Amino acid sequence: MPSMSGLIRMFGVDPGLNRCGWGVVEADGPRLRYIAHGVVRPPAQESLAERLRILFEGLRAAMQSHDLSHAAVEASFVNTQHGNHGSALILGHARGAAMLACSTHGLSVDEIAATEVKKALVGTGKAEKEQVALMVRRLLPAAGNVTADAADALAVAIAASHRAQSSLTRAKVRA
């Protein structure tokens, strides 16, 4: 739950076993401020268990240097009717490691759908990745030219911050 002061420091994660993007933004009402971003890249030749450990520890290390109040992980939609069930399971492992890293850091973890992230940044849930990355660059110019995975993680953090700010506003109105 966001603090009653309105200031939220959000850790966003775009999970993946090969490349797991993370990003930190600060939201104070409608104002956004870029804090940091990065990508954890477990070596492909390692075992699944070792890659998940590297992912977990990499995300925990990224969280250590920021005074975070909240976390959000992109909820993945995988159409297994026509897709690869194994890929969906692997992505689920990566999401689990990311959620566990955030939780063991003492953060509550929101799951946010990719369509909600796209709608929050671009205005439509069917936006292309390039459109989302463009909006991240416009909203957070201090982030510079970020990789696709880090841009997605920053987009998750932005959208989750908007959601948390809305919850905070509703709580204040009820009070």
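**View A. The lining of the largest pocket is made up of 8 nonpolar, 2 polar and 7 charged residues.** Ala, Val, Leu, Ile, Met, Phe, Trp, Tyr, Cys and Pro count as nonpolar, Asp, Glu, Lys and Arg as charged, and the others, Gly among them, as polar. The model is predicted, so local features need pLDDT of at least 70 and side-chain atom pairs pLDDT 80 or more, while totals for chains, interfaces and linings use all residues. Residues are numbered from 1 along each chain as its sequence is written, and side-chain values use heavy atoms, without hydrogens and water. The volume of the largest pocket is about 300 Å³ (the space filled by probe spheres set on grid points joined across faces, edges and corners). A pocket is an open set of points on a 1 Å grid over the protein atoms alone where a 1.4 Å probe fits, with protein on both sides within 12 Å along at least five of seven lines; its lining residues have an atom within 4 Å of a point.

**View B. Which residues lie closest to the centre of the largest pocket?** They are Asp 14, Glu 74, Lys 129, Asp 149 and Asp 152, out of 17 residues in the lining. Two or more lining residues come from each of α3 (114-122), α4 (129-139) and α5 (148-174). Helix α5 contributes the most to the lining of this pocket, with 4 residues. Helices (H or I, at least four residues) and strands (E, at least two) are DSSP runs, numbered from the N terminus.

**View C. The protein chain holds 5 helices and 5 strands.** Read from the N terminus, the order of the elements is β-β-β-α-β-α-β-α-α-α. The chain has 175 residues, and 42% of them count as buried (under 20% relative accessible area; exposed is over 50%, partly exposed in between, with a 1.4 Å probe and protein chains only). Among contacts in the chain with a separation of 6 or more, 63% join residues 24 or more positions apart. A contact means heavy atoms within 4.5 Å.

**View D. The largest nonpolar core has 26 residues.** Such a core is a set of buried Ala, Val, Leu, Ile, Met, Phe, Trp, Tyr and Cys residues joined through side-chain atoms within 4.5 Å. The residues with the most contacts inside the largest core are Met 10, Leu 121, Val 136, Leu 140 and Leu 154. The elements β1, β3 (31-40), α3, α4 and α5 each give two or more residues to this core. The most come from α5, with 10 residues. A second core, separate from this one, has 22 residues, including Phe 11, Leu 68, Cys 102 and Leu 107.

**View E. Arg 9 and Met 10 are shown with their contacts.** Arg 9 is part of strand β1 (residues 7-14). Is Arg 9 buried or exposed? Arg 9 counts as buried because its relative accessibility is 18%. Beyond four places in sequence, Arg 9 touches ten listed residues' worth of neighbours, among them Val 24, Glu 26, Arg 33, Asp 67 and His 70. With neighbours within four places in sequence left aside, Met 10 is in contact with residues including Gly 23, Val 25, His 70, Ala 157 and Ala 164.

**View F. Ala 155 sits in helix α5.** Ala 155 counts as buried because its relative accessible area is 1%. Apart from residues up to four places away in sequence, Ala 155 touches Val 117, Leu 121, Val 132 and Val 136. Ala 114 is 41 residues from Ala 155 along the chain, and their C-alpha atoms are separated by 9.4 Å.

**View G. Leu 52 is in helix α1, and so is Glu 57.** This helix covers residues 48-64. Leu 52 is buried, with a relative accessible area of 18%, whereas Glu 57 is partly exposed, with 41%. Outside its neighbours within four places in sequence, Leu 52 is in contact with Leu 17, His 93, Ala 94 and Ala 97. Leu 52 and Gly 96 are 44 residues apart in sequence, and their C-alpha atoms are 9.1 Å apart in space. For Glu 57 and Ala 98, 41 residues apart along the chain, the C-alpha separation is 9.4 Å.
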